[in-house]
Every structure is written in structure tokens, then in C-alpha cells.
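Student: Got a minute to go through a model with me? I'd like to talk about packing.
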Amino acid sequence: MTYKDTIQYLYDSTPLFQHIGAGAYKEGLTTTHKLDDHFGHPHRLYKTIHVAGTNGKGSCSHTLAAIFQSAGYRVGLYTSPHLLDFRERIRINGEMIPEQYVIDFVEKERSFFEPLHPSFFELATAMAFKYFADENVDIAIVEVGLGGRLDCTNIIQPELSIITNISFDHTQFLGDTLAKIAYEKAGIMKKGVPVIIGEVTSETREVFEQQSKEVECPIIFAEDYPIILNAIPNPTENFGLNYTLRQGFLNTTTLYGELGGEYQAKNTNTLLHAIRQLIYNGIRLNDEHIRQGFAQVTSLTGLLGRWQKIKDKPLVLCDTGHNTGGIKYVSKQLQSLDKPLHIVIGMVNDKDINGVLDLLPRYASYYFTQASVKRALPADQLREMGKNHNLTGNAYPNVAEAFDSALKNAKEDDVVFVGGSNFIVADFLLHISENGL
């Protein structure tokens, strides 16, 4: 099989949450353990860090990987979903897993895994863990797929666990209260393994404290000890952030973070606590590694779609924020630019669509659209829902037409934003890669 044939086979033969949603969700770790036994528990051959949370886990995972790469480690990075190519999910030092490895893995192992009927994510996780072992990584940053307690990444015994935050998402699987969602995320805690909690509410804090007592692991609430004094956008550096830090963490009190977006300040505070804990645990990292990692996340790891600037005049931005917790910060950031806004937006049908629409600025011009996945909410339906929130605009059958119309209507000093879903951003990036701006 060719690589294209192999990926199509995986899409056709294993249920993919990215495409079909709830039908791909498998509760429990039975299949995961069978796959892990078959491959000889490869994740035990290298150190790991486990990252969970409703929002921010992708940014945190990539930044940690960049910091470790800057320190000279051979670093595996496992994240999801992908935007343009399945291989984005599995990287070593920023390089995607080779196409041939994916082909060989499927051809050699399909006789074993086909009778198990694994989900796409279960099989991808097994592939990632084996690839990292085959390539002798020093450490792997492993992002939870969905939830935590029953996620198939939860077979690792990490050096550190991180839970970025809790907000409402995937409530059909994780529960309809913050406490229930927190319980699922807290399921990644392991005995004796320190856990960093980025953000909490009174409701979720109690859950995390109880779980840490039950499993006997040290817990640190990053919000209780703010390291960041302020974060100022730096438009001359691709909308990154200039941080002022409390004295005593680094040798200076300033740090530049390449990843833009107001929400990154909370991620950075979480990460700095994680780094301090890792150093305390004996991991070799220093100030220069931290600085370089924060400043060069995208070039070191290949991260896409986090408050990503595409063009200057007009300013074109995209962001993969797709739930109320993420859109809240995106909307605030857009309004802070204080410029006319053209917003290209689409969503999938299993999100809190009204909750997201209620957070968006009323004065923007909207280009309602839909991504090229089965879960996409039809653009006409999204436009009608938008009217109920005083959001006005036209509907477009695909992201390319919506963006091209927005770009045509935008003046040089305007802002064009593309988002609402990972899939909208994926279609947008594919469109501009094939057609330019």
C-alpha cells in the first residue's frame, strides 16, 4: 500500500472521533492493554510527561517538547487531532513519523489488530509508543486524547502529570458538571507522581484534592503561586507575549513566548511550575533551554493553529479554540485589536454552539461556513443560530469560499479571523497552502 492508501485504510477500518464523533468513542482500556502487551510495553523504555485538560494541553505539550529539544534531549511528542496530515500526531524533535513507518506498521500488524477492532486513536497511540521506543527517545510528551481516566494514553507511568484546566467540552462522555469532568481528568494521577493543576474552581479543586489523597501523589495548584506578573502582546514578534516574572525563577525577570493569544499566559504559568518540578526531580534543564523553547515553539515542534498569524495587511489570524473556554479568550483578544473584524466561523454539531456564539463580538462581519467532515454543522443552520445572538453575515458552503469572500471585503487595516473548530482551521490551512493568499 502507499501512504495515502494506508491512511484511507485506517479511516475506513477504525472509527475516528475526528470524523464521526461519538460513534468512535470506546470506553475502557481493554483493547489498549492488549495492544500494549503485544508490542512489549514500549512506553516503559523512556521517560514520559502526561498532559490533560480541556484547553491548552496542545500548547503546553508542544512548548515542553521545545524546551526539552533545546536542552539536547531526543523528544517524542504525541498529540491530537492532526490538521493536515496524520503524521503531525507523532513527532520526534519536530520531525513527523516517516510515511514508510506508518505503512510498515499497518502491513505488519494488521493481522493482529484487525480482530481487536481498535479505535483509530487506540491504534495511533500504540503506533506512537512503539515508534518512540524504536527510535530511542529520551522522553516523550504525551497529550491525553479525551478525558483522562479511560483515555488509552493512561497506561504510562510519567515523571510528571499536568492538568491545564477544566471547562465544558465532550460532556456526553465526561459528564455535565465541572466536577464530573474534573474527575475524569484527575484519573491520570498516579501514586507518587507529582501533578500540576493549571486552573481550578472551588468545584474542581475539591475533586483534584480528593483524588491526589486517594492515589497519594503530590499536587501543586499553579494559580496559588503566580510566577507571571504580567504578559504584554508583542506585535513585532508575530503576536507573541513578553512576560514579566517574579524574581527567583530565572536569572532574569523577563521571558518571551512565541505563542500568542491572551490564554497563553495561564498556560505559561502552568508550564513554569511544571519546569520547576521537573528540575527538582533531577531533570537537566536551565534558563537558556527554557528561553529557547518558549521563543521557538513552532519551528522546533511544527505546531500550527494557535493564534497563528498568516498575513499582515489585512491581518489574518487563525486559532483552533472550539469550545466556550477557548473562545472566551479568542473573542477578548480579537476585540482588544480594536479594528474592524471579519470572522470566518464554523463548528461541529456536538459542541455548545449557542454558548460559543454568545461570546463572539456583535459588531463583526460574519462568514458562516462548514468544514469538510461529517460532524460539521451546516453553514445555513449556523447562520440562523447566529441571528439569535445578533451575529449577522452570509453562509458559505466551504471554508475556501468563506475566507476568500472575507479577504476580498477586508480593507488593509482590518482583521480576518478563521476559527471555531480544528477542522475549519485545517481546511483553511490546506486552502492557503494550495492556493496562496
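Student: Which residues does Tyr 78 contact, leaving aside neighbours within four places in sequence?
Tutor: This is a predicted model, to start with. Tyr 78 is in contact with Arg 89, Ile 90, Phe 121, Ala 124, Thr 125 and Ala 128. Phe 132, Ile 141, Val 142, Glu 143 and Thr 153 complete that list.
Student: And the largest nonpolar core, how many residues has it?
Tutor: It has 36 residues. Tyr 78 is among those with the most contacts inside it, along with Phe 86, Ile 90, Met 127 and Phe 132.
Student: Which helices and strands each supply at least two residues of this core?
Tutor: Helices α1 (3-13), α5 and α6 (120-134) do, and so do strands β3 (90-92) and β5 (139-143). The largest share comes from α6, with 11 residues.
Student: What does the second core include?
Tutor: That core is separate and has 34 residues. Leu 64, Ala 65, Ile 196 and Leu 285 are among them.
Student: New topic: helices. At what angle do the axes of α3 and α5 cross?
Tutor: Roughly 130°. The axes of α3 (residues 30-38) and α5 (residues 99-113) come within 12 Å. Angles over 145 degrees would count as roughly antiparallel, and 65 to 115 as roughly perpendicular. The two helices are therefore oblique to each other.
Student: Is that crossing left-handed or right-handed?
Tutor: The crossing of α3 and α5 is right-handed.
Student: Which residues meet there?
Tutor: From α3, Lys 34, Leu 35 and His 38. They meet Glu 109, Phe 112 and Phe 113 in α5.
Student: How do the residues of that contact divide into nonpolar, polar and charged?
Tutor: The α3 contact with α5 has 3 nonpolar, 1 polar and 2 charged.

Notes. Residues numbered from 1 in each chain as written. Predicted model: local features only at pLDDT ≥ 70, side-chain atom pairs only at ≥ 80, totals over all residues. Heavy atoms only, no water. Axes fitted to C-alpha atoms, helices over the stretch in contact; angles between N-to-C directions. Helix = DSSP H or I, 4+ residues; strand = E, 2+ residues; numbered from the N terminus. Parallel < 35°, antiparallel > 145°, perpendicular 65-115°, else oblique. Left-handed = near helix turned anticlockwise from the far one by under 90°. Contact = heavy atoms within 4.5 Å. Nonpolar A, V, L, I, M, F, W, Y, C, P; charged D, E, K, R; others polar. Core = buried A, V, L, I, M, F, W, Y, C linked by side-chain atoms within 4.5 Å. Buried < 20%, exposed > 50% of the residue type's maximum accessible area, 1.4 Å probe, protein only.
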